[in-house]
Amino acid sequence: MAATFVTTMDNPYDFFDEFDEWYAFDISHGYDVIGQPYNTLNYVARIAQTNSDMTEEEYEDAVNEAVEDIIKMNLTGNYRKVVQKSK
């Protein structure tokens, strides 16, 4: 299964290939429904059902499922799914 993640429509950086720039933009731009910076990593962490006993594959599946849930809910209308390009 391809790795997926969620980003905001206005973030010009690639989560997979330009993570440092993506993260800097994500925590310093835009605001969610309660007036906080996006902080998408923490949002995914709150939604994903993970634990320390999971295998890497189980963890990736849980993150992918959280991404799908966030996209389905899309509370701000500003989220989109990104898929890691094949290398």
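A salt bridge is a side-chain nitrogen of Lys or Arg within 4 Å of a carboxyl oxygen of Asp or Glu. The exercises below apply this rule to a predicted model.

**Exercise 1.** Determine how many salt bridges the rule yields, and state which residue pairs with Lys-81.

*Solution.*
1. The count under this criterion is two salt bridges.
2. In one of them, the side chain of Lys-81 meets that of Glu-68, with an N to O distance of 2.6 Å.
3. Lys-81 belongs to strand E2 (residues 79-83) and Glu-68 to helix H3, so this pair ties together parts 13 residues apart in sequence.
4. Lys-81 is partly exposed at 38% relative accessibility, and Glu-68 is likewise partly exposed, at 34%.

**Exercise 2.** Identify the partner of Asp-69 in a salt bridge, and describe how the two residues are placed in helix H3.

*Solution.*
1. Asp-69 forms a salt bridge with Lys-72; their closest N and O atoms are 4.0 Å apart.
2. Both residues lie in helix H3, three residues apart, which means a separation of about one helical turn.
3. Asp-69 has a relative accessible area of 27% and is partly exposed, whereas Lys-72, at 68%, counts as exposed.

**Exercise 3.** Name the residues that form the patch of negative charge on the surface, and locate Asp-61.

*Solution.*
1. The patch of negative charge gathers Glu-57, Glu-58, Asp-61 and Glu-65 on the surface.
2. Asp-61 is found in helix H3, which spans residues 56-73.
3. Membership of a patch requires over 30% relative accessible area and no salt bridge.
4. Asp-61 has a relative accessible area of 34% and is partly exposed.

Technical notes. Residues are numbered from 1 along each chain as its sequence is written. This is a predicted model: local features need pLDDT of at least 70, side-chain atom pairs count only at pLDDT 80 or more; totals for chains, interfaces and linings use all residues. Side-chain values use heavy atoms; hydrogens and water are left out. Patches are made of residues with over 30% relative accessible area and no salt bridge: like charges are joined within 9 Å, nonpolar side chains (Val, Leu, Ile, Met, Phe, Trp, Tyr) within 5 Å. Accessible areas come from the Shrake-Rupley method with a 1.4 Å probe; for residues, only the protein chains shown count as cover. Lys and Arg count as positive and Asp and Glu as negative; His and the chain ends are not counted. The place of a charge is taken as NZ of Lys, CZ of Arg, CG of Asp or CD of Glu. Helices (H or I, at least four residues) and strands (E, at least two) are DSSP runs, numbered from the N terminus. Buried means under 20% relative accessible area, exposed over 50%, partly exposed in between (1.4 Å probe, protein chains only).
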